[in-house]
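The following briefing goes through one protein model by topic, beginning with its interior and ending with its surface. Please keep the sequence and the coordinates at hand while reading.

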Amino acid sequence: MLRNRTGVVLLTALTPAIWGTTYLVTTELLPPDRPLLAAVIRALPAGIVLVAITRRLPQGIWWWRVLVLGALNIGVFFALLFVGAYRLPGGVAATVGAIQPLLVALLSAGLLHERLTPRTMIAAVAGVAGVGLLVLRADARLDAIGVAAALGGAAVMAAGVVLSKRWQSPAPLLAMTGWQLVAGGLLLLPVALAVEGPPPATLTTANVAGYAYLAIIGSALAYALWFRGLRLLSATKVTFLGLLSPVVATVLGWVVLGQQLTAAQALGALVVLAALVAAQLQPTRTRPVPVPAPRVLIGKES
């Protein structure tokens with residue numbers, strides 16, 4: 001049982017690890033200043049392919065539930081992420097976004113009746129501190145709209161994670177994943193066209209490779225693993241795994257791009273990993289003390 005659960009956790013952790021490669025792929029392979037286009041291509045084609053493969057459509061109440069989940073997990077989240085990324089340094093945006101596990105823990109306590117333990121709260125605060133050490137710079141500037149967008153993005157995805165756990169769909173995993181990607185992509189499409197204009201007339205081989213990676217690996221595979229984890233694990237434990245994204249992004253920047261890795265960043269990575277592991281530990285259950293059965297004396301009257 002423990003081995004199976006560990007396997008589920010490790011497989012789910014692949015999703016934020018994959019998401020941590022997005023910055024590298026975007027900066028090295030994609031056209032500049034087109035984050036919303038990248039978000040649409042991440043979501044819409046992958047969703048259409050999954051729906052075509054599964055040949056399933058939502059039924060009944062799942063039409064509006066899919067729209068809500070697709071907006072929260074993908075459409076609105078990506079849009080707010082875009083605003084925060086453009087108005088804030090990456091370190092500030094990532095640090096603000098790291099509050100998501102705390103928000104999920106609070107929402108799960110109210111909507112899913114999950115137990116809110118002191119260890120979870122401490123791990124959530126430690127996660128924010130660790131991400132801050134990992135990516136925050138001393139000269140980082142703050143922008144009220146950018147901070148609000150980053151907080152809104154964390155809150156929106158936190159709500160999406162909790163509702164994805166609360167609304168357990170009877171549909172196959174790939175179908176449910178495809179529905180949400182299509183819904184989120186359709187929501188993003190007019191926003192991308194209004195803000196960034198039409199797609200580039202020509203794309204390089206590197207551009208095509210980057211978009212293909214984001215659609216196939218970054219969305220179809222990653223979101224399927226993410227939603228699978230939400231079906232099998234608690235929402236709080238799954239969302240703590242998201243703290244891996246800035247760790248992977250920082251390590252890739254150091255290894256691939258030759259960026260400097262300071263002692264403070266290394267300490268931040270260790271704090272994040274410690275918070276992540278602490279959040280995954282199962283609560284200890286105290287065994288009841290056995291009460292001896294009363295002795296019955298036969299043939300003796302008091």
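Trp 179 touches Val 51, Arg 56, Leu 57, Pro 58, Val 66, Ser 169 and Ala 171, where residues up to four places away in sequence are left out and a contact means heavy atoms within 4.5 Å. The model is a predicted one, in which local features need pLDDT of at least 70 and side-chain atom pairs count only at pLDDT 80 or more, while totals for chains, interfaces and linings use all residues. Residues are numbered from 1 along each chain as its sequence is written, and side-chain values use heavy atoms, with hydrogens and water left out.

**Nonpolar cores**

- Trp 179 is also among the residues with the most contacts inside the largest nonpolar core, a set of 51 residues in which Phe 78, Val 161, Leu 181, Tyr 223, Trp 226 and Leu 230 share that standing.
- A nonpolar core is a set of buried Ala, Val, Leu, Ile, Met, Phe, Trp, Tyr and Cys residues joined through side-chain atoms within 4.5 Å, and buried means under 20% relative accessible area, exposed over 50%, and partly exposed in between (1.4 Å probe, protein chains only).
- At least two residues of the largest core come from each of helix 1 (2-19), helix 3 (35-54), helix 4 (62-87), helix 6 (100-112), helix 8 (144-166), helix 9 (173-196), helix 10 (205-232) and helix 11 (235-240).
- A second core, separate from the largest one, has 14 residues, including Ala 124, Val 247, Ala 269 and Ala 275.

**Whole chain**

- The protein chain has 13 helices and 0 strands, where helices (H or I, at least four residues) and strands (E, at least two) are DSSP runs numbered from the N terminus.
- Along its principal axes, the C-alpha trace of the protein chain spans about 100 × 50 × 35 Å, and 46% of the 302 residues count as buried.
- Among contacts between residues at least 6 apart in sequence, 92% join residues at least 24 apart.
- The protein chain exposes about 15,900 Å², of which carbon and sulfur atoms supply 70%; accessible areas come from the Shrake-Rupley method with a 1.4 Å probe, and for residues only the protein chains shown count as cover.

**Helix 1 and its partners**

- Ile 18 has its place in helix 1 and counts as buried because its relative accessible area is 12%.
- Outside its sequence neighbourhood of four places, Ile 18 touches Tyr 213, Ile 217, Gly 218, Leu 221 and Ala 222.
- Although Ile 18 and Leu 244 are 226 residues apart in sequence, their C-alpha atoms are 9.4 Å apart in space.

**Helix 3 and the loops beside it**

- Helix 3, with 20 residues, reaches 29 Å from its first C-alpha to its last, which is close to the expected 28 Å, the expected span being 1.5 Å times one less than the number of residues.
- Its buried residues are Leu 36, Leu 37, Ala 38, Ala 39, Val 40, Arg 42, Ala 43, Leu 44, Ala 46, Gly 47, Leu 50 and Val 51.
- Pro 45, also in helix 3, is partly exposed, with a relative accessible area of 37%, and its C-alpha atom is separated by 9.6 Å from that of Ser 219, 174 residues away along the chain.
- In the loop between helix 2 (22-29) and helix 3, Asp 33 has a positive phi near 60 degrees in a residue other than glycine, and Asp 33 is exposed because its relative accessible area is 59%.
- Arg 55, in the loop between helix 3 and helix 4, has a positive phi of about 55 degrees although it is not a glycine, and Arg 55 is exposed at a relative accessible area of 74%.

**Helix 12 and the surface patch**

- Thr 250 lies in helix 12 (residues 244-255) and counts as buried because its relative accessibility is 13%.
- Thr 250 touches Leu 134, Val 135, Leu 261 and Gln 265, not counting residues up to four places away in sequence, and its C-alpha atom is separated by 8.3 Å from that of Gly 20, 230 residues apart along the chain.
- Val 251 lies in helix 12 as well, but Val 251 is partly exposed, with a relative accessible area of 38%.
- Tyr 23, Val 251, Trp 254, Val 255, Val 256, Leu 257 and Leu 261 form a nonpolar patch on the surface with about 640 Å² of accessible area together, to which helix 12 gives the most, with 3 residues.
- Patches are made of residues with over 30% relative accessible area and no salt bridge, with like charges joined within 9 Å and nonpolar side chains (Val, Leu, Ile, Met, Phe, Trp, Tyr) within 5 Å; a salt bridge is a side-chain nitrogen of Lys or Arg within 4 Å of a carboxyl oxygen of Asp or Glu.
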